[in-house]
Amino acid sequence: MAADNQVTGMGLSVSPHLSFPAPKSRVRVQKCSSCQQAGATVGCCQKGCPHTYHYACAIDTGCLLTEESFSLRCPKHKRQPV
Ligand SMILES: [Zn+2]
Ligand SMILES: [Zn+2]
(Lines give C-alpha, C1' and ligand atoms only; values in the text may rest on other atoms or scores of the structure.)
(Ligands and ions follow the chains in the order given, each with its own letter.)
Protein backbone atom coordinates (compact mmCIF):
# COMPACT_ATOMS: atom_id res chain seq x y z
CA MET A 1 0.00 0.00 0.00
CA ALA A 2 1.36 3.33 -0.98
CA ALA A 3 1.33 6.00 1.63
CA ASP A 4 -0.77 8.79 0.44
CA ASN A 5 1.71 11.52 0.92
CA GLN A 6 -0.10 14.52 -0.21
CA VAL A 7 1.67 17.80 -0.04
CA THR A 8 -0.60 20.59 0.53
CA GLY A 9 0.95 23.52 -1.11
CA MET A 10 -0.10 26.48 0.78
CA GLY A 11 0.37 29.30 -1.58
CA LEU A 12 1.85 31.90 0.61
CA SER A 13 1.90 34.97 -1.49
CA VAL A 14 2.98 37.56 0.94
CA SER A 15 5.24 39.92 -0.78
CA PRO A 16 7.68 41.68 1.51
CA HIS A 17 8.05 44.38 -1.03
CA LEU A 18 4.72 46.01 -1.04
CA SER A 19 5.43 49.00 -3.06
CA PHE A 20 2.89 51.56 -3.94
CA PRO A 21 3.54 55.13 -4.85
CA ALA A 22 3.59 57.23 -1.75
CA PRO A 23 1.76 60.48 -2.13
CA LYS A 24 4.22 63.27 -2.31
CA SER A 25 3.54 66.03 0.04
CA ARG A 26 3.32 69.25 -1.83
CA VAL A 27 3.02 71.35 1.25
CA ARG A 28 5.64 74.00 1.32
CA VAL A 29 7.20 74.01 4.71
CA GLN A 30 8.79 77.32 5.39
CA LYS A 31 11.67 77.23 7.76
CA CYS A 32 12.11 80.02 10.19
CA SER A 33 15.34 81.89 9.64
CA SER A 34 15.60 82.51 13.33
CA CYS A 35 14.77 79.29 15.15
CA GLN A 36 15.14 76.94 12.16
CA GLN A 37 11.77 75.38 12.89
CA ALA A 38 9.19 74.77 10.23
CA GLY A 39 6.00 76.72 10.04
CA ALA A 40 7.28 80.19 9.44
CA THR A 41 4.55 82.43 8.17
CA VAL A 42 6.01 85.83 7.46
CA GLY A 43 8.73 86.43 4.97
CA CYS A 44 10.88 89.44 4.28
CA CYS A 45 9.17 91.56 1.68
CA GLN A 46 12.46 92.41 0.05
CA LYS A 47 12.49 90.74 -3.32
CA GLY A 48 14.82 87.78 -3.38
CA CYS A 49 15.31 87.66 0.37
CA PRO A 50 14.88 84.12 1.59
CA HIS A 51 14.34 85.05 5.21
CA THR A 52 11.10 83.78 6.67
CA TYR A 53 10.08 83.96 10.29
CA HIS A 54 7.44 83.06 12.78
CA TYR A 55 5.61 86.14 13.83
CA ALA A 56 7.12 85.94 17.31
CA CYS A 57 10.58 85.19 16.00
CA ALA A 58 10.45 88.14 13.67
CA ILE A 59 9.85 90.46 16.56
CA ASP A 60 12.49 88.67 18.57
CA THR A 61 15.05 89.05 15.81
CA GLY A 62 14.37 92.71 15.43
CA CYS A 63 12.56 92.62 12.14
CA LEU A 64 10.49 95.52 11.04
CA LEU A 65 6.87 94.59 10.87
CA THR A 66 4.43 96.84 9.14
CA GLU A 67 1.12 95.80 10.53
CA GLU A 68 -1.04 97.65 8.04
CA SER A 69 0.23 95.63 5.13
CA PHE A 70 1.43 92.70 7.20
CA SER A 71 4.81 92.99 5.59
CA LEU A 72 8.09 92.20 7.19
CA ARG A 73 11.60 93.33 6.70
CA CYS A 74 14.45 91.34 8.13
CA PRO A 75 17.16 93.20 10.07
CA LYS A 76 19.22 93.28 6.92
CA HIS A 77 16.56 95.00 4.88
CA LYS A 78 14.67 97.07 7.36
CA ARG A 79 16.82 100.04 6.60
CA GLN A 80 15.96 100.23 3.01
CA PRO A 81 16.59 103.53 1.30
CA VAL A 82 13.32 104.92 0.06
ZN1 LIG B 1 10.86 80.83 14.49
ZN1 LIG C 1 15.37 90.57 4.00
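**Figure 1. Contacts of Ala 58 in the predicted model.** Apart from neighbours up to four places away in sequence, Ala 58 contacts Val 42, Tyr 53, Cys 63, Leu 65 and Leu 72. The structure shown is a predicted model. Ala 58 also belongs to the largest nonpolar core, a group of nine residues. The other members of this core are Cys 32, Ala 40, Val 42, Cys 44, Tyr 53, Cys 63, Leu 72 and Cys 74.

**Figure 2. Overall arrangement and confidence of the protein.** One helix and four strands make up the secondary structure, and their order along the sequence is β-β-α-β-β. The protein has 82 residues, of which 17% count as buried. Among contacts with a separation of 6 or more, 24% join residues 24 or more positions apart. The mean pLDDT of the protein is 80, with 62% of the residues reaching 70 or more. Confidence is highest in strand S2 (residues 52-53), at a mean of 95, and lowest in S3, at 90.

**Figure 3. Surroundings of Cys 63.** Cys 63 lies in the loop that connects helix H1 (55-61) to strand S3 (64-66). Cys 63 counts as buried because 22 C-beta neighbours lie inside 10 Å, the cut-off for this class being 20 or more. Although Cys 63 and Cys 74 are 11 residues apart along the chain, their C-alpha atoms are separated by 4.6 Å. Cys 74 is also one of the residues in contact with Cys 63 when neighbours within four places in sequence are left aside. The other residues in contact with Cys 63 are Tyr 53, Ala 58, Leu 72, Arg 73, Pro 75 and Lys 78.

**Figure 4. Thr 61 and its contacts.** Thr 61 is part of helix H1. With 17 C-beta neighbours inside 10 Å, Thr 61 is classed as partly exposed. Beyond four places in sequence, Thr 61 is in contact with Ser 34, Tyr 53 and Pro 75. For the pair Thr 61 and Pro 75, a sequence separation of 14 residues corresponds to a C-alpha to C-alpha distance of 7.4 Å.

**Figure 5. Gln 30 in the segment before S1.** Gln 30 is located in the segment that precedes S1. This residue is partly exposed because 17 other C-beta atoms lie within 10 Å. Not counting residues up to four places away in sequence, Gln 30 touches Ala 38, Gly 39, Ala 40 and Thr 52. Gln 30 and Ala 40, which are 10 residues apart in sequence, have a C-alpha to C-alpha distance of 5.2 Å. Ala 40 is also a member of the largest nonpolar core.

**Figure 6. Thr 41 in the segment before S1.** Thr 41 is likewise placed in the segment before S1. Thr 41 counts as partly exposed, with 14 C-beta neighbours inside 10 Å. Its contacts, leaving out residues up to four places away in sequence, are His 54 and Tyr 55. Thr 41 and Val 29 are 12 residues apart in sequence, and their C-alpha atoms are 9.5 Å apart in space.

**Figure 7. Backbone conformation at Gln 36.** Gln 36 is found in the segment before strand S1 (42-43). Although Gln 36 is not a glycine, its phi is positive, at about 65°. Gln 36 is exposed because its C-beta neighbours within 10 Å number 9, where the limit for this class is 12 or fewer.

Notes. Residues numbered from 1 in each chain as written. Chains lettered and ligands numbered in written order. Predicted model: local features only at pLDDT ≥ 70, side-chain atom pairs only at ≥ 80, totals over all residues. Core = buried A, V, L, I, M, F, W, Y, C linked by C-beta atoms within 7 Å. Contact = placed C-beta atoms within 7 Å. Helix = DSSP H or I, 4+ residues; strand = E, 2+ residues; numbered from the N terminus. pLDDT = per-residue confidence, 0-100.
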